[in-house]
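Student: Can we go through the empty spaces in this one, and then the ligand?
Tutor: Yes, here it is.

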Amino acid sequence: MQSRNNTVSELLMKLFRRQIFIPIAALLLLALFNLIADPSFFKITLGTNSAGDPVLSGYLITILDYGSELAILAIGMTLVTAASGGQDISVGAAIAISGSVVLRVLCGSNSRPETLQAPIIVAFLVSCLVAMAFGAFNGTLVAYFKIQPMVATLILFTAGRSIAAWINNNELPIISEPSFGYFGGFIPGIPIPTPVFIAVACMIITALTLRFTNLGLYCQAVGINDKSSRLNGLNPAFIKFLTYVILGLCVAVAGLIKVSRLSSINYSVIAKDIEMDAILAVALGGNALSGGKFNMTASILGAYVIQFLTTTLYKFNVQSDALSAYKAVVVIALVVLSAPIVREKLTALKNSLKKQPAAKEVA
Amino acid sequence: MREGAILEMRGICKSFPGVRALQNVDFTLCEGEIHALMGENGAGKSTLIKVLTGVYPKDSGQIFLKGYQKAAVIRSPQDAQNMGISTVYQEITLCPNLSVAENMYIGRTKGFVQNWKAINAKADQVLKSLDIPATATQQLASCSIAVQQMVAIARAVDMDCKVLILDEPTSSLDEQEVEKLFRLMRDLQKKGVGIIFVTHFLDQVYEVCDKITVLRDGKLVGEYAIKDLPRVQLVSKMLGKELDDLSDIQSESETYTAEDAEDAIFETENLASTEGIKPFDFYIRKGEVTGFTGLLGSGRSECVRAIFGADKITSGTVKKHGKPVKISHPIDAMRLGIGYLPEDRKRDGIIGDLSVRENIILALQVMKGFFKPFTKAEANAFAEQYIKLLDIKTASADTPIKSLSGGNQQKCILARWLLTHPEYLILDEPTRGIDVGTKIDIQKLVLKLASEGMSITFISSETDEMLRTCSRLVVMRDRKVVGELSGEELTQTMIMNTIAGGEAKQCSPETIQ
Ligand SMILES: Nc1ncnc2c1ncn2[C@@H]1O[C@H](COP(=O)(O)OP(=O)(O)OP(=O)(O)O)[C@@H](O)[C@H]1O
Ligand SMILES: [Mg+2]
């Protein structure tokens, strides 16, 4: 019994020390809370939507669905954070731009076209190029002009939404073609929301890239010590630059999902505050915001934790303008709990608690 | 407490995941004594000091200080400082982007309003009294590591302390500066300050210390008065075995002899970099061991950095086998078969948070290419091979390199470059912070590699180390090559004279166009 207890607690200790412990624990905590408050949270039902196609619905599906953009952004943000030791705060604005580009290409000169003026894939590829170009702009400022990432990306953060509006001459294009809605909704016949598939595809590509290239090693090395990375033959500036371009690609994918959900765009609201959520996802994943080592899985889990939290708050009818306040409280609690100092203290406390009974036995 | 003791540590234990760094260690420091703390790399010296100064919490044990009734509670370096313990840690812990004066007085001034003018003046005075070539307002990062080291010492000494701890303070200093430091230590000793001195230089121990405490593998071996412990015994106490004979290492290594040994493999012509060295010519043959020597700041490191492309080249060319090659980044040099172990381990060598394994394979991995990562098994095999070969003390290959002891970090960086199997290996202070036993192993390794055909440039502040390994020495003064010695001329006095400029011999015709 004793030994069994020990191995279980050892296992827990091991998990506790792992970085991924924080997002997992947060997820479990949120799940537990919902289970107690209202078990119907976990109900998933198969229904039909207005077009008569089968769709799954339920809060869990909502989390997976709406967490997609955040998870995709978290991938790029993790790399940027690791390599450059800073964050890109312009991703929300960049999503507005790339979404606007998609619509512009699809609509051509008419803002309410009857038929699409270009294939969706072309529109998406153009938006990828544009988003990567803006990523390259940020990357150049950070990597080659050595400007603080926060300051460098502030430029696009401020100007981005105006640029997005300018791309469509300040009009609000609406796409009536139903197939465009598939990317942010459902493909007829498939009951799972498409963004989930897109997010999974991104994760698989990321996993393969990290597995079959040295991207992870290089980003971490550069983020930890760029002087010695250079002496090991790396080009630190280029690697930092590259991470911003990759984040640009993530932005384009997230932008496509966002505009597809509405089949339209609202320049000032689309992907609002998403940069903060993406940065939080990285932090919740236990990654140091000052760069260096990262854990991609933990970041992605962190993104879903945030979406879980948002959805939970919505469910309890928290006003959307009060949402950020509630979120802040929970996030502070999670971040403090995950801080190394607090964890060390907790470990020490646990050890001393364990020792005391043992000492008593001896006495 | 023992009579006259000002510091006593009893039964100190400290474990890190996978390592028991200190096991039941006792240590006593008396008033007005210089006490050497000796042991191999990874023996636990720095850990003992960090436990004493509150950097790490101890697992068990007690610390007593003179003037306190109960066991002292030291939770942070700040506490230690307040109790009169001032410390120079092994890795320089100053802030490179602050000025020299700010570094010297940070954390010691009271109140919010500072009179920086007065502080700068005071700092300048201290710097001057210690003969440190730096000004108060200079940014610390712009000083060489030796000067940074001296600033750290100045900071510690300037505090009114009862206990002074110096963890390998001399590893980057040259002889004059070491002399200066010793004078300073003796002055403090007369005032009754107790000094703990960690070093791997036996000469220095026998020059200034009164007592020696030896640690081995985290355990206390014993405390000895200096006169009771001759050198040979000290070494065997540290290693737990007898040391190989130093004197015969040159003779047992054969020199590389092949027909192509006569041609220079690498040559430089009028090479100069942004670091302010005068254009220099240099060549190295296959299987040859050469050295650069000179005082600190004479530009010996800058020369090799220029060859490797570590600094920006402003003029001149590098030739391989007589053909000019372009080296504008380190990667170019690496592709041409050059390896470079940098002088400043913390700044230019280790990638602190990465594991020992990743640190070892990094250079080879970069050369192999972005799209061809080593498999886990391959990487592990490489790491294990070199951990064994160089006897690196680490809990596992997964341990972050920053948690290794200083000497073991150095060995990892050495392993990194050996793994790339370079044709030409540049070693800038490879034995810095390395214990006596391993130092000899490294020198032997250098000679062995050379006998297998590798060309090596070896730089060391210890002249006898260079004399033992190098067959040709380039002498530098004031960022200029002032002479070249080989064969019979390779003697301590000859080197000294050339450095001082007494009998400055002209470079041989081969090296001057
Ligand atoms: N922060 C840490 N985390 C994990 N292990 C550590 C840490 N610091 C030290 N160690 C381990 O403790 C042991 C003792 O290290 P320590 O730095 O005290 O050696 P040292 O005697 O100072 O050696 P050196 O002469 O190389 O400086 C080593 O095996 C080292 O790997
Ligand atoms: Mg040490």
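Student: How much space lies in the second largest cavity?
Tutor: About 50 Å³ in this predicted model, where a cavity is a set of points on a 1 Å grid over the protein atoms alone where a 1.4 Å probe fits but cannot get out, and the volume is the space filled by probe spheres set on the points.

Student: Which residues line it?
Tutor: The lining, meaning residues with an atom within 4 Å of a point, includes B:Ile6, B:Leu65 and B:Met83. By class it has 5 nonpolar, no polar and 2 charged residues; Ala, Val, Leu, Ile, Met, Phe, Trp, Tyr, Cys and Pro count as nonpolar, Asp, Glu, Lys and Arg as charged, and the others as polar.

Student: And the largest cavity, how much space is there?
Tutor: About 70 Å³. The largest cavity is lined by 13 residues, with A:Asp88 and A:Ala94 among those nearest its centre.

Student: Now ligand 1. Which side chains make polar contacts with its oxygen atoms?
Tutor: B:Gln90 has a polar side-chain atom 3.0 Å from an oxygen of ligand 1, and for B:His200 the distance to an oxygen is 2.9 Å; a polar contact here is a pair of N or O atoms within 3.5 Å.

Student: Why does it lie between two domains?
Tutor: Because domain 1 (5–229) and domain 3 (350–421) of chain B both give residues to the shell around ligand 1; the bounds come from an automatic or database domain assignment, and the shell takes residues with a heavy atom within 4 Å.

Student: Any fine print?
Tutor: Residues are numbered from 1 along each chain, chains are lettered from A, and ligands are numbered from 1, in the order written. The model is predicted, so local features need pLDDT of at least 70 and side-chain atom pairs pLDDT 80 or more, while totals for chains, interfaces and linings use all residues, and side-chain values use heavy atoms, without hydrogens and water.

Note on methods: Polar contact = N/O pair within 3.5 Å; in protein donor to acceptor, adjacent residues only side chain to side chain. 1 Å grid on protein atoms, 1.4 Å probe; cavity = no way out; pocket = protein on both sides within 12 Å on 5 of 7 lines; lining within 4 Å.
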